[in-house]
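Here's a quick briefing to read with the model open next to you. It goes topic by topic, so feel free to jump around.

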Amino acid sequence: MSDKWLANNATPYSRVRFESDTKQSGALPIYHVSNRESAQSIYATGKIFGIDVVSSAHFHHTPQGAGRQAAVDGILLGFTWSGVVANVDLSNDASSHRDRRPNILFDVPISEYDNQTWELRLYPGTTGLLLAFFEIANTGYLLRSPRVVEVIQGG
C-alpha cells in the first residue's frame, strides 16, 4: 500500500469517525490485524481465511482486542458487519467451535465463567463482510470503494 495507492484508493479518516459512521448505519465495526502483504491480498482478492484448525477468520470489537502489534508492525483492517451476531455459550460445552455456520459472527467469551469477548469469529462460506477502513502506523484511511470479502477455507 504505497503512497500512490493510498492517494488513488483511500481518504485519510479517523477510526473514531469510522466506528461512529458504521454504527449509525446499523452495522458493527470489527477489526482484524494483518501484515501488509496479507492485507493487500485480502483487498485484492476479496478473500480472508483463518489459520486455526477450522479456518475461522478472527476479529475483535476494538483495536486493543486485536493486539498492539497492529500499531507497531501491522495493518489494522476495519470491516463492517451487518449480519447476525451470536453469543457463544461455553457453560455446557467447552468447545467454542461447535457451531461453524457461515454468515454468523460468533462472539466467543473468555471462558465459561467470564462472558467478556475474547474474539469474534466468522467461518468459511461467510459473505457480506465489508472491508472499509484500515490503519497503518496509527493513521486511518477510509477506502473509496469498500471491498466485499468472503471467508474461505484456509490452506
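A word on terms before anything else: buried means under 20% relative accessible area, exposed means over 50%, and partly exposed is what falls in between. Keep in mind that this is a predicted model. The tour below starts with a covered strand, moves on to rings and charges, and ends with two loop residues.

**Strand β5 and its neighbours**

- Start with β5, residues 75-81: seven of its seven residues are buried, so the strand is largely enclosed by the rest of the structure.
- In a regular strand, side chains alternate between the two faces of the sheet.
- For β5, one side carries I75, L77, F79 and W81, the other carries L76, G78 and T80, and all of these are buried, so both faces are covered.
- On one flank, β5 pairs with strand β2 (residues 28-34) in the antiparallel sense, over seven bridges.
- If you want a residue pair to locate that ladder, take L28, whose bridge partner in β5 is W81.
- β5 also runs antiparallel to β9, and six bridges join the two.
- Here G78 is a handy marker, as it stands opposite F133 in β9.

**Aromatic pairs**

- How many aromatic pairs does the structure hold? The count is seven.
- One of them is F18 with F133: the ring centres are 4.8 Å apart and the planes sit at 10 degrees, so this pair is stacked.
- F18 belongs to helix α2 and F133 to strand β9, so the contact ties together parts that are 115 residues apart in sequence.
- Both F18 and F133 are buried.
- F59 and F79 meet in another way: with centres 5.4 Å apart and planes at 85 degrees, they count as edge-to-face, because that label applies to planes over 60 degrees apart.
- This pair also links distant parts of the chain, with F59 in strand β4 (residues 57-59) and F79 in strand β5, 20 residues apart.
- F59 comes out at 0% relative accessibility, so it counts as buried.
- F79 is at 0% relative accessibility too, and is likewise buried.
- There's also one aromatic cluster made of W5, Y43, F134 and Y141.

**Salt bridges**

- The structure holds three salt bridges.
- E135 and R15 make one of them through their side chains, at 2.8 Å from N to O.
- That contact reaches across the chain: E135 is in strand β9 and R15 in helix α2 (residues 15-24), 120 residues apart.
- Which end of this bridge is buried? E135 is, because its relative accessibility is 8%.
- R15 has 23% relative accessibility, so it counts as partly exposed.
- Another bridge joins E150 and K47, whose closest N and O atoms are 3.2 Å apart.
- E150 lies in strand β10 and K47 in strand β3 (residues 47-48), so the bridge ties together parts 103 residues apart in sequence.
- E150, at 27% relative accessibility, is partly exposed.
- K47, at 35%, also counts as partly exposed.
- R121 and E119 form a salt bridge as well, with their closest N and O atoms 2.5 Å apart.
- R121 has a relative accessible area of 3%, so it is buried.
- E119 is buried too, at 7% relative accessibility.

**Two asparagines with positive phi**

- N103 has a positive phi of about 65 degrees, although it is not a glycine.
- You'll find N103 in the loop between β6 (84-87) and β7 (104-111).
- Is N103 buried or exposed? It falls in between: at 32% relative accessibility, N103 counts as partly exposed.
- N138 is another non-glycine residue with a positive phi, this one near 65 degrees.
- Its place is the loop between β9 (129-136) and β10 (139-151).
- N138 has 56% relative accessibility, so it counts as exposed.

**Worth a second look**

- Strand β9 turns up under several headings: it is joined to β5 by six bridges, it holds F133 of the stacked pair, and it holds E135 of a salt bridge.
- Helix α2 faces the same sort of roll call, with F18 from the stacked pair and R15 from the salt bridge to E135.

Key: Residues are numbered from 1 along each chain as its sequence is written. This is a predicted model: local features need pLDDT of at least 70, side-chain atom pairs count only at pLDDT 80 or more; totals for chains, interfaces and linings use all residues. Side-chain values use heavy atoms; hydrogens and water are left out. Helices (H or I, at least four residues) and strands (E, at least two) are DSSP runs, numbered from the N terminus. Buried means under 20% relative accessible area, exposed over 50%, partly exposed in between (1.4 Å probe, protein chains only). A salt bridge is a side-chain nitrogen of Lys or Arg within 4 Å of a carboxyl oxygen of Asp or Glu. Two strands pair if DSSP finds at least two bridges between them. Rings of Phe, Tyr and Trp (its six-membered ring) pair if their centres lie within 6.5 Å; planes under 30 degrees apart count as stacked, over 60 as edge-to-face and the rest as tilted.
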